[in-house]
Each structure stands twice: as C-alpha cells, then as structure tokens.
Amino acid sequence: MFNLTLARPNDMESSTNDSGSVGISVPHKADIVIVGGGIMGLSTAYFLRRRTAKSVVVVERDPTYTQSSTALSYGGIRQQFSLPENIEMGKFGLEFLKNIKEYLTVDDADPPDVQFHRNGYLFLASEEGVDTLQKNVEIQRQCGVDTQLLSAAQMKEKFPWMNIDDIELAGYGVNNEGWFDSRSLLDAFKCKAISLGVQYIHGEVTGAVMEQGKTSQAIDDPVHSSKVQYLEISLPNSPEVVSLMCGTVVNAAGPHAADFARLLKIGLGEGDMAAPLPVEPRKRLQYTFHCSDGPGPDCPVIIDFKGLSVRPDGLGGMYVAGAILSEEEEPSPNDLQVNDYKRFDEKLWPLLVHRVPAFKDSKIRNGWAGFYEYNTLDQNAIIGQHPVITNLYFINGFSGHGIMQGPAAGRAVSELILDGKFTSIDLSRFSFQRILDNQPLFETNLF
C-alpha cells in the first residue's frame, strides 16, 4: 500500500484500518482521475503530468500486478498491421523504447532497462495469403515502415532451420520489431509518473455519483448529457468508502473496463447510453519449452498462418509459444490457472514441429496465463470521449496490442483532455462512435 501526500493536507482524507493505524491518503478532489494503473493508465498519467500542473490520480486495485494484463503480456512490439492508426502507434512505441532513458529516467536513478530484443517479426503467408500480405506491406511502407518481403527461396537461405514447404511469402520487420520485458516498462512508467506528481492510490472504484445536464434544449430532440461528479473508492482491508470529486475521468480498467462502464450505467440506459462498452477479459495461455537444437536466440517472433506464435525466451535454448485461438477454443476467463497442458501437446507441439522440425525434441517447462482486454466488436482500441458522459474518456479494448500501443495511446488521451483533439496521431476512427454505429474497423489478417 501507499501513503502518498502529494495533495495539500487539508485536501486529503486518510483511511484507518482495523488496527487503527493510518493507511492510504486519498484527496477529496482531483482534476483528472484515471481508473486503472496498468500500461494505459500510467502512460496517460505520465503524458498528462509532462504538460500540466493539474492534479492526476491513478486508482489501481492490484498494485502488485499479479493479474495485470501488462505484466503478464507477451511483450511484443511491431508495426506490421494493416490499419495506418495501428502502424503509427507501433512506430511511436518503437521510438519510445529506443529513447526510454530520456522519457522515463527518474532524477539520478539508474535508467530503466526493458531488455528490448530487436529480432523482428516474421509473418508467414501461404499461397492464399500472399495478396493480403502484399497489400498490408504496401500500407506499412506508405507509413514509413521498412517491412521486407521474403520469397520462399530467401527464407530458406536466411532461416535454414525452417520448413517452408507450405510458405509462399513472408513479411519481415527487421531491427524495429521484437519483444521486451513488459513488467519493467510498467514499473518504469509508474516510478516516473509518481516522480512527476501523479498520486497512485491502492483501491477499487465501487460507485459513482453523476451530475445531470442537457446539451440541447430542442423540444423535439433533446440531447441529454451528464458528468461523473464523484467516484466512490473502496480501500483495501477496510470497510471504508471514500468519495473523490472528479473533473475528468479516464477508463483505463483493462479487461474490467466494461464493469466500470456499467457502474456509470453505460449499456443500461436509453439512446446513446444503451450501447455497452464491448470489452471483456479473454484468457491467453503461453508455454515455455526447452529445445537445445532449436533456431537459437536470434530467431524472430514467428507468426504462422496455421495459428502459432513462437519466439526465444532468453538464453539456454528456451522458447515461448502460444496458439492463435478460434472462438470455439476460447478457455474460461474465470481464473488465470494453467491447467490445460494438453493444449500444448495436442495443438501447439504439432504446429511447432511442422514449422521447425528441430522442435521435435522440445520439453515443456512451464506455462502462464494473462487476460486480453478483448474488444468483441473488432479487436481494436476504443479511444476517446463518451457522447453522453462528457467528462469520461475511454482507453480500452486493445485486444493483445496494449503493451506496444500504450505509449501512443496514453499520449493520445492526454491530447484529447488537454487540447480537445488528437495532435500527434489521428485516432478519430477508434472513437466510441463506431460502437454506437455498429461499424467495426477490422485489421486485415493473414488467417
């Protein structure tokens, strides 16, 4: 728990736990309250405090991050997308990692080290996927991304350990793609944000008080609006609930974003309030395995059209792999237990051996699970203002891309709050309006 005193003492409310000792200090009011302290919440807080003296509070229910989507993520970063918005966010994520010492070093402390492995991503396409891959790479090149197209012969020369019998073409992001330690990035964002004056509160938002209004007085078509006036925060190990007056609220609650939205009656009302936030937790399993004769530590992240992702995991012949799942294969999101090692034996192992024959001698070592904040409409981000609750902003639904898009998304929301518009990357197409219009914005994938 944290006992931060960044607000003036007369603006603070201290909780008391069962033993009578002073616990967490919570301000009575804040200019900006961010619900969720993962990569999206901390990135938003960081970019806000870089530019403004407004008070910023982050409320996080699990400061240990034991179930954090960020901390448990695959840690990948790439620019190989088909939507220009995703490409541009990936580009800024890369620039941010390259210059992380300038962005996130705190005073005289050691600069953050996120162990960025720039091995590249290798997207494999069958004959049926060639046209899609070529179109995607053309869009990437128009956005300034130098993705290489490798023929089967070129792949055989560069990756002699790979079976390419069913591969026609590959997209290869050299040097500017790869993976990093996502927990280290999260910790660096948190330390830097707090050093800039962000107040980080261990608690859970369990209620809200709304302020009603009306933005139009037209008799035939009144347009009602409202604002979040107070958030009610339940503190750990205490029955106490503290009210926090809000100027602006950011929903950065990750896989639980829809729960917070429902708390504000989003999806439970009429008109534009009838549309729910289409985000839900999806459980994703990763497995680590050992293979002494595998491709080695220079292997890129392989994205196989057959439904496989695999990359090295440190040294010593370790790798990490996951399956790209169909709707019918989705595991229950009720917990993060890894109790399905049959999935590795029956689904992943045959795919691994098919693509890299040396993996036939692999031995599974471990597994872990994390939640995607899955956008059920189109698996892309929802960024922007709610049309009715005018002081509420979304930064949700990244569907597995959050760790690589976090820096750009946090910057974008800070621009909306401070400037009233996007000034770096135009993410207007990712607004909540497409939810209201039921107009999905899909990536064009190879499988």
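These legends go with a set of close-up views of one predicted model.

The model is predicted, so local features need pLDDT of at least 70 and side-chain atom pairs count only at pLDDT 80 or more, while totals for chains, interfaces and linings use all residues. Residues are numbered from 1 along each chain as its sequence is written, and side-chain values use heavy atoms, with hydrogens and water left out.

**View 1. Helix H1 packs against helix H9.** Helices and strands here are DSSP runs numbered from the N terminus (H or I, at least four residues, for helices; E, at least two, for strands). H1 takes in residues 39-51 and H9 residues 402-419; their axes are 7 Å apart and meet at an angle of about 45 degrees. That angle makes the pair oblique (under 35 degrees is roughly parallel, over 145 roughly antiparallel, 65 to 115 roughly perpendicular, and the rest oblique). The axes are lines fitted to C-alpha atoms, for helices over the stretch in contact, and angles run from 0 to 180 degrees between N-to-C directions. H1 and H9 cross in a right-handed way (the near helix is turned clockwise from the far one by less than a right angle; anticlockwise would be left-handed). As for who's in the contact of H1 with H9, there are 10 nonpolar, seven polar and four charged residues. In that tally Ala, Val, Leu, Ile, Met, Phe, Trp, Tyr, Cys and Pro are nonpolar, Asp, Glu, Lys and Arg are charged, and the others, Gly among them, are polar.

**View 2. Phe96 and Phe189 form a stacked pair.** The whole structure holds 19 aromatic pairs, counted when ring centres of Phe, Tyr or Trp (its six-membered ring) lie within 6.5 Å; planes under 30 degrees apart are stacked, over 60 edge-to-face, and the rest tilted. For Phe96 and Phe189 the centres are 5.2 Å apart and the planes sit at 15 degrees, so this one is stacked. Phe96 belongs to helix H2 (residues 84-98) and Phe189 to helix H6 (residues 182-195), which puts the partners 93 residues apart in the chain. Both of these Phe residues are buried (under 20% relative accessible area; over 50% is exposed and in between is partly exposed, with a 1.4 Å probe and protein chains only). Zoom out a bit and ring pairs join Phe96 and Phe189 with Tyr46, Phe47, Phe92 and Tyr103 in a cluster.

**View 3. Phe159 and Tyr172 meet edge-to-face.** Their ring centres are 5.7 Å apart, with 85 degrees between the planes. Phe159 sits in the loop between helix H5 (152-158) and strand S8 (169-173), and Tyr172 is in S8 itself, so the pair ties together parts 13 residues apart in sequence. Phe159 is buried at 5% relative accessible area, and Tyr172 is buried too, at 6%.

**View 4. Two arginines lie over aromatic faces.** Arg311 is over Tyr74, 4.8 Å from the ring centre. Arg411 does the job over Phe92, at 3.7 Å from the ring centre. The criterion is NZ of Lys or CZ of Arg within 6 Å of the ring centre and within 35 degrees of the ring normal.

**View 5. Tyr65 and Lys265 both have positive phi.** Tyr65, not a glycine, has phi near 60 degrees. Look for Tyr65 in the loop between strand S4 (56-60) and strand S5 (76-77); its relative accessible area of 3% makes it buried. Lys265 isn't a glycine either, yet its phi is about 70 degrees. The loop between helix H7 (257-263) and strand S14 (279-290) is where Lys265 is found.

**View 6. Gly406 and Thr423, each with a C-alpha distance to another residue.** Gly406 is part of helix H9 and buried, at 0% relative accessibility. Gly406 and Leu186 are 220 residues apart along the chain, with 9.9 Å between their C-alpha atoms. Thr423 sits in the loop between H9 and helix H10 (433-436) and is partly exposed at 46%. From Thr423 to Ala412 the gap is 11 residues in sequence and 7.7 Å in space, C-alpha to C-alpha.

**View 7. Phe180 and Arg183, each paired with a residue 35 Å away.** Phe180, in the loop between strand S9 (178-179) and H6, is buried at 5% relative accessible area. Leu231 is 51 residues from Phe180 in sequence and 35 Å away, C-alpha to C-alpha. Arg183 is in H6 and partly exposed, at 30% relative accessibility. Between the C-alpha atoms of Arg183 and Val388, 205 residues apart along the chain, the separation is 35 Å.
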